[in-house]
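Student: Could we go through this protein together, one question at a time? I'd like to see how each answer is reached.

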Amino acid sequence: MTTQRPISSDDEHRVLQFRPRTSPPPAVHRGSGTVKPLRGAPEPLDLARYEQPRAEPGDFRHRMLANIAALAFTIALTAIGIWLAVSIADLRRTQDCVLMGRRDCVKITTPHI
């Protein structure tokens, strides 16, 4: 198997001058004339080029009902999570009280007459 070595030349160790991107590119002299690089207009930075026409119009009512259902589900899930956290904390307080040997751990509610 033969090993491949890079071709070395005098251009390999040349230092290039840094040009900031904000400055205009310099004109290149070739032969008897001057060549200026072409600079096209930049493309607008929006998403219009990715838009595609829709085959059918969007169903606004269906989308709003789906959003309301998702919001209701999120609110219910949050309420259940808060209730569960409060009940676990109350159970923990009661269990700590009983494990310390106290007898008056459970809150007794009496109706007001």
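What follows is a set of short questions and answers on this predicted model.

Student: Let's start with the overall layout. Which pattern does the protein chain follow along the sequence?

Tutor: The protein chain has 1 helix and 2 strands. Put those elements in the order of the sequence, and the pattern you get is β-β-α.

Student: How confident is the predictor, and which element of the protein chain has the highest mean pLDDT?

Tutor: Across the protein chain, pLDDT averages 80, and 72% of the residues score at least 70. Going element by element, strand 1 (residues 28-30) has the lowest mean, 62. The highest mean, 95, belongs to helix 1.

Student: Okay, helix 1 then. How far apart are its end C-alpha atoms, and what span should the helix have?

Tutor: Helix 1 covers residues 60-99, and that makes 40 residues. At 1.5 Å a residue, the helix should span 58 Å. The model agrees with that, because the end C-alpha atoms are also apart by 58 Å.

Student: What phi does G101 take, just after helix 1?

Tutor: Look just past the end of helix 1, where you'll find G101. Its phi there is positive, at about 95 degrees.

Student: Which cysteines form a disulfide, and is it left-handed or right-handed?

Tutor: A disulfide is a covalent bond between the sulfur atoms of two cysteines. Searching the whole structure turns up 1 disulfide, and it joins C97 and C105, with sulfur atoms 2.1 Å apart. The torsion about the S-S bond of C97 and C105 is about -80 degrees, so this disulfide is left-handed.

Student: Are C97 and C105 buried or exposed?

Tutor: Buried here means under 20% relative accessible area. Buried residues make up 2% of the 113 residues in the protein chain. As for C97 and C105, both are buried.

Student: Now for charges. Which residue forms a salt bridge with D90?

Tutor: The structure holds 2 salt bridges. In the one with D90, the closest N and O atoms are 3.5 Å apart. Both residues sit in helix 1, 3 residues apart, or about one turn of the helix. D90's partner is R93.

Student: Is D90 buried, partly exposed or exposed, and what about R93?

Tutor: Exposed takes a relative accessible area over 50%, and partly exposed lies between 20% and that cut-off. D90 has 40%, so it is partly exposed. R93 has 53%, so it counts as exposed.

Student: Which residue does D104 meet in a salt bridge?

Tutor: D104 is exposed because its relative accessible area is 56%. Its partner, at 48% relative accessibility, counts as partly exposed. The N to O distance is 3.9 Å, and that partner is R102.

Student: Last one: what is the accessible area of the nonpolar patch that includes I88?

Tutor: I88 is found in helix 1, and it is exposed because its relative accessible area is 52%. I80, W83 and L84 join I88 in this surface patch. For the whole protein chain, the exposed area is about 12600 Å², with carbon and sulfur atoms supplying 60% of it. The patch residues together have about 450 Å².

Definitions and conventions: Residues are numbered from 1 along each chain as its sequence is written. This is a predicted model: local features need pLDDT of at least 70, side-chain atom pairs count only at pLDDT 80 or more; totals for chains, interfaces and linings use all residues. Side-chain values use heavy atoms; hydrogens and water are left out. Patches are made of residues with over 30% relative accessible area and no salt bridge: like charges are joined within 9 Å, nonpolar side chains (Val, Leu, Ile, Met, Phe, Trp, Tyr) within 5 Å. Accessible areas come from the Shrake-Rupley method with a 1.4 Å probe; for residues, only the protein chains shown count as cover. A salt bridge is a side-chain nitrogen of Lys or Arg within 4 Å of a carboxyl oxygen of Asp or Glu. Helices (H or I, at least four residues) and strands (E, at least two) are DSSP runs, numbered from the N terminus. Buried means under 20% relative accessible area, exposed over 50%, partly exposed in between (1.4 Å probe, protein chains only). A disulfide is a pair of cysteine sulfur atoms within 2.5 Å. The expected span of a helix is 1.5 Å times one less than its number of residues. pLDDT is the predictor's confidence in each residue, from 0 to 100.
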